[in-house]
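Let's take a friendly walk through a protein model, starting with the whole chain and then visiting a few residues. Keep the structure open beside you as you read.

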Amino acid sequence: MYDVHPRVAGPDADMLKAWQGLSTSALGHLTHEGYLAGLQPLHNDTHLCGPALTVEIDARDSRVLREALIMARAGDVLVIHDHDSARGLACWGELRALAGCVKKLAGVVVVGHVTDIAALRALPLPTFFIGVSALTIHASACRGALNRGLSINGTDVHPGDMMLGDDDGLFALTPERAVALLPAVVDKEASDARRRDALRQQWLND
């Protein structure tokens with residue numbers, strides 16, 4: 001049996017809408033907590049924002065991802081932690097990504113490897129991952145967990161945390177931290193925009 005826990009409520013729709021379009025680099029000027037190092041975006045000009053639906057797998061079984069896709073709702077970010085990622089076996093590919101598109105996921109975070117990379121790039125699903133492999137997980141046991149807290153390279157990711165990602169990286173924020181940090185990030189973005197405009201104008205006038 002898989003270890004399946006109930007859904008956890010994340011940030012409300014208004015809070016997620018307020019964070020849409022804000023940059024991880026602005027957030028990274030204000031805090032290092034919650035940053036998920038070592039993950040790269042699949043697409044250029046990528047943007048991801050939504051509540052985390054967490055999944056744990058290992059090299060023995062990745063079939064709990066089917067349960068995750070059934071539970072997922074539009075706007076969720078599927079966060080998959082492969083505890084055996086060092087073995088280089090892919091747990092996510094074209095068919096699961098297509099299912100994610102059907103569910104209208106806001107994105108997928110694979111702390112592990114993906115396959116069918118060309119097909120994944122042709123899909124609009126924002127995706128972060130560690131590496132690419134032609135080797136896939138062959139189920140030899142019934143193992144995995146859904147909606148349980150993760151620890152990824154020392155960073156905690158809880159079900160319902162707000163995931164924010166773009167070309168510069170990926171953060172996980174509890175709903176409470178998302179509320180607390182929002183005004184400072186908005187101010188940082190506005191300050192940077194004013195400074196950018198002034199510098200560009202100076203450059204063009206030289």
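A strand here is a DSSP run of E with at least two residues, and strands are numbered from the N terminus. With that in mind, T54 can be placed: T54 sits in strand β3. Please remember throughout that this is a predicted model.

## The whole protein

How many helices and strands does the protein have? There are 6 helices and 12 strands. The radius of gyration is 18 Å, close to the 17 Å that the globule rule gives for 206 residues, so the protein is as compact as a globular protein of that length. Along the principal axes, the C-alpha atoms fill a box of roughly 65 × 35 × 30 Å.

Now look at what is covered and what is not. Of the 206 residues, 48% count as buried. The accessible surface comes to about 10400 Å², and 53% of this surface belongs to carbon and sulfur atoms. Among contacts with a separation of 6 or more, 78% are accounted for by residues 24 or more positions apart. The protein has 19 positive and 25 negative charges, and the mean positions of these two sets are 4 Å apart.

## Buried residues

Let's return to T54 in strand β3. Is T54 buried or exposed? Residues under 20% relative accessible area are called buried. T54 counts as buried because its relative accessibility is 1%. The side chain of T54 reaches the backbone oxygen of R148 at 2.8 Å. Setting aside residues up to four places away in sequence, T54 also touches a list of others, including V79, A145, L146, N147, L150 and V157. H158 and P159 are among the residues that T54 touches as well.

Next comes D61, in the loop between β3 (47-57) and α3 (64-71). D61 has a relative accessible area of 0%, so D61 is buried. Which side chain does the side chain of D61 meet in a polar contact? The partner is the side chain of R63, at 2.9 Å.

D61 also brings together parts of the chain that are separated in sequence. D61 and A141 are 80 residues apart along the chain, while their C-alpha atoms are separated by 6.0 Å. Leaving aside neighbours within four places in sequence, D61 is in contact with Y2, I137, A139, A141, C142 and R143.

A further buried residue is T24, which lies in helix α2 (residues 24-28). T24 counts as buried because its relative accessibility is 3%. Not counting residues up to four places away in sequence, T24 touches L164, G165, D166, D168, G169 and F171.

## Exposed residues in loops

One of the residues that T24 touches is D168, so let's go there next. D168 is placed in the loop between β11 (162-166) and β12 (169-173). A residue is called exposed when its relative accessible area is over 50%. D168 counts as exposed because its relative accessibility is 53%. Besides T24, D168 touches S25 and Y35, again without counting residues up to four places away in sequence. The C-alpha atoms of D168 and D187 are separated by 19 Å, and these residues are 19 residues apart along the chain.

N44 is found in the loop between β2 (40-41) and β3. N44 and G131 are 87 residues apart in sequence and 16 Å apart in space, C-alpha to C-alpha.

The table lists four exposed loop residues with their values.

| Residue | Loop | Relative accessible area |
|---|---|---|
| N44 | between β2 (40-41) and β3 | 73% |
| K104 | between α4 (94-102) and β6 (107-114) | 57% |
| N153 | between β9 (150-152) and β10 (155-157) | 67% |
| D168 | between β11 (162-166) and β12 (169-173) | 53% |

## Two positive phi angles

Two residues of the table deserve a second look for their backbone angles. Most residues other than glycine have a negative phi. What is the phi of K104 near? Phi of K104 is near 60°, a positive value in a residue other than glycine. N153 has a positive phi of about 50°, although N153 is not a glycine.

To recap the tour, T54 sits in strand β3 and is buried at 1% relative accessibility. N153, in contrast, is exposed, with a relative accessible area of 67%.

How values were computed. Residues are numbered from 1 along each chain as its sequence is written. This is a predicted model: local features need pLDDT of at least 70, side-chain atom pairs count only at pLDDT 80 or more; totals for chains, interfaces and linings use all residues. Side-chain values use heavy atoms; hydrogens and water are left out. Helices (H or I, at least four residues) and strands (E, at least two) are DSSP runs, numbered from the N terminus. Buried means under 20% relative accessible area, exposed over 50%, partly exposed in between (1.4 Å probe, protein chains only). Contact means heavy atoms within 4.5 Å. A polar contact is a pair of N or O atoms within 3.5 Å; within protein, one must be able to donate a hydrogen and the other to accept it, and residues adjacent in sequence count only if both atoms are side-chain atoms. The radius of gyration is taken over C-alpha atoms; the globule rule is 2.2 Å times the number of residues to the power 0.38. Accessible areas come from the Shrake-Rupley method with a 1.4 Å probe; for residues, only the protein chains shown count as cover. Lys and Arg count as positive and Asp and Glu as negative; His and the chain ends are not counted. The place of a charge is taken as NZ of Lys, CZ of Arg, CG of Asp or CD of Glu.
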